[in-house]
Every structure is written in C-alpha cells, then in structure tokens.
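Student: I'd like to go through this protein with you, strand by strand and ring by ring. Can we look at it together?

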Amino acid sequence: MHTTDHAEPVLPRRTLGRSDVAVTALGFGAAAIAGLLSPVDEDDAAAALEAAWGVGIRYFDTAPHYGLGLSERRLGAVLRTKPRDTYTVSTKAGRLLEPTEGGGCEGDFGDDLAHGFAVPATHRRQWDFSGDGVRRSLEESLTRLGLDRVDLVLLHDADDHEEQAFREAYPALEELRSQGVVGAIGAGMNQSRMLTRFLTDTDVDAVLCAGRYTLLEQTALGDLLPAAAARGKSVIIGGVFNSGLLADPKPGAMYDYTAAPASLVSRALRMQTVTVQHGVPLRGAALRFPFGHPAVASVLTGACSAAQVRDAAAQMQRTIPDVLWQALRSEGLLPPHVPVPEGA
C-alpha cells in the first residue's frame, strides 16, 4: 500500500453546483494517457496517475472516446487500488464503441490517429444521444473502469446532435441522478454556446469547457461563465494550454489540435516574455488564470508522464504576483474586463 493512499489531499476542493460531488482544484484529464497524438505505454500511464495521486489530485476525468476505451481501462486499473470514497471520477456519454469487423489480431486493425489517438482501431465510434445510448454508454464505461459507480457523467461533444441531446440524452441523465446512480450530471464541449444552453435550459450541476477560457481566448466569459455564476452552477476548464501552445510556445506548437497560426504563436511568445520577466513560466500563469472567475471549480491537466503531473502541481502552488496580470493588460495581451486571480 502506498503511503499516499491515506494522505489528505493537498489541493482544495469545491462541490459541483448543488450536488455533493466535490472536485480538486487541479484535476487529471485522462485523454493523454490513452495515446493522444502519440503512443503512451502502460507503465508511463500508471506512473502519471500515481504521481497525480501523490500530489493530491482527487478528481479524474475520462471518456470512452479517449483511446477507444483505453483511458477508462488504464484509469480504472489504478483507481481500483485507492479508497473509493476519497476520489471523484467523471466520464462521458454520446459515443458508443462498436467492435471493428474483419480484424484478426491487433496489428490488422490499423490505427486510430484519424481521431487523434495512437492506438489500434479495434472499435469504431457510433454517435448516440438517445436515452438508451446514454444508459448503455455508462454501463460499458463502468465495465471498462471496473468501478461500481462514477460521480459525474457529461454529455460529450453534442455539437451536431443538439436537439437529441436535450430531448433524449439529458432526461436520461436526470433520471440516473434522481435514482442515485450518479451524483452529478452535465455536458462537456469545445464551445460555450451550447454549454450555456445546458446551464439555462436544464438542471445540470456542471459543464466542462475545453479551450474557450484560457489566457489566449476568453469566449466563455461572454456567455457561459456569467450564466454559471448566476445559477450557482460549476464550470470545469479543460484545454487550459490550448493543446500545447500555452505550455511551450514556438513555431509548430499545437492550438486546438492543429498547428497554431503564426499570429497566435507570436502572441503566446509575447505573453511568455511578460510572465518570465515576473518570475513565472507561461504555463504557470495559464494554469492559474481560470480561477479568476468564481464559477470555475477545477482545471484539468492532460499529463502523460509523472514529471508533467508534478510540474502542474508545482505551478498550482506557485505565487503569481498581481503585477504580472497588470503587465499583460498594459501590453494589450489581456483585456481589461477579464477577471484574474487575486493575490495568487
């Protein structure tokens, strides 16, 4: 038994909306350990998860989409060794995994890189936002995780299935919550408009917004975050580094899963110059920035190694002087109306 199993988390927790489900300020986004863009071996994935546990992370987010179920399987293998009432798990619904026909052994299937994951394409994703699809998705996720429950279920990337998601998938989630099968429900997307509709038109507890509230882009401040604050709902922020540009800005860096345009690389490099002048790596400022808004409950870090996890935890503990945010404003790199963490 690891000595960290019974250690108190070093990270603060916040409950999601009016639910009893709590998340740590720094969460673990488990897409990267499933071979996002490049392979990750099982030992490195397990080491990253153990490092997350060791630094006090107690919120873990996954999805069937990530590595065709590999993320859920790897996450469950580690979390099953931990006391179940000490951590929070979220997974997602909207894509069912159907076995690919015609493959004999793993090497016969080709890879899944067209969908972003360096894993064998042993399954295909089938969109399904029906009530039955949501229930089946959760059941299959629990099997892959090897857990008896998850705490939060999010409807995943419903961009092209909006009406079915609201008409069929959401009521199924609400029923699962009322039955006590899950503790909290919501939606996760790379846009803010539809997430705002979930906050205004349904009784979700939280939403996960990826890439739309970062140092580079604050689209969610126009609709999503005010709606969450007005209704006492929570926002989890993913993609805080905008796919990598804010972690290591340079030509060829990724932004929104593709190569960043030169104008954004230049802007990120200017930001880096300012933050370094104040003794803070750009990734440290980017990780802490979302907490300037009171609706933000957690920020996910998508690490694929123990070193990346420990670095993220160190950045969360870093003191960021108020003058850094002021300097970004004075350089025209951060709009004056955007809230920033105070005395962080």
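**Strands, rings and helices**

Student: How many bridges join S3 to S16, and how do these strands run?
Tutor: Strands here are DSSP runs of E of at least two residues, helices runs of H or I of at least four, both numbered from the N terminus, and two strands pair if DSSP finds at least two bridges between them. Leu26 in S3 has Val299 as its bridge partner in S16. The two strands run parallel, and the bridges number 3.

Tutor: A word on the source before we go on: this is a predicted model, where local features need pLDDT of at least 70, side-chain atom pairs count only at pLDDT 80 or more, and totals for chains, interfaces and linings use all residues. Residues are numbered from 1 along each chain as its sequence is written, and side-chain values use heavy atoms, with hydrogens and water left out.

Student: Which strands close into a barrel, and in what order?
Tutor: Follow the pairing: S3 pairs with strand S4 (residues 59-61) over 2 bridges, and S4 is joined to S5 by 3. Further round, 5 bridges join S12 to strand S13 (residues 234-238). The pairing is parallel, and the 8 strands close in the order S3-S4-S5-S10-S11-S12-S13-S16.

Student: Which residue in S5 stands opposite Asp61, and is strand S5 mostly covered or not?
Tutor: Buried means under 20% relative accessible area, exposed over 50% and partly exposed in between, with a 1.4 Å probe and protein chains only. In S5 (residues 88-93), 6 of 6 residues are buried, so to speak a mostly covered strand. Thr88, Ser90 and Lys92 sit on one side and Val89, Thr91 and Ala93 on the other. The residue opposite Asp61 is Ser90.

Student: Which residue in S4 stands opposite Phe28?
Tutor: Phe28 points the same way from S3 (residues 26-29) as Leu26, with Gly27 and Gly29 pointing the other way, and all are buried. Ring pairs also link Phe28, Trp53, Phe60 and Tyr87 into a cluster. Across in S4, the residue opposite Phe28 is Phe60.

Student: How far from the ring centre of Trp53 does Arg58 lie?
Tutor: A charge sits over a ring if NZ of Lys or CZ of Arg is within 6 Å of the ring centre and within 35 degrees of the ring normal. Arg197 lies over the face of Phe166, at 3.8 Å. For Arg58 over Trp53, the distance is 3.7 Å.

Student: Why is the pair of Tyr213 and Phe289 called tilted?
Tutor: Rings of Phe, Tyr and Trp (its six-membered ring) pair if their centres lie within 6.5 Å; planes under 30 degrees apart are stacked, over 60 edge-to-face, and the rest tilted. A search of the whole structure finds 8 such pairs. One of them, Trp127 with Phe129, is stacked, at 6.0 Å and 20°. Tyr213 and Phe289 have centres 5.0 Å apart and planes at 35°, so their pair is tilted.

Student: What is the angle between helices H1 and H2, and why are they oblique?
Tutor: Axes are lines fitted to C-alpha atoms over the stretch in contact, with angles from 0 to 180 degrees between N-to-C directions. Under 35 degrees is roughly parallel, over 145 roughly antiparallel, 65 to 115 roughly perpendicular, and the rest oblique. H1 and H2 are therefore oblique: their axes are 10 Å apart, and the angle is about 50°.
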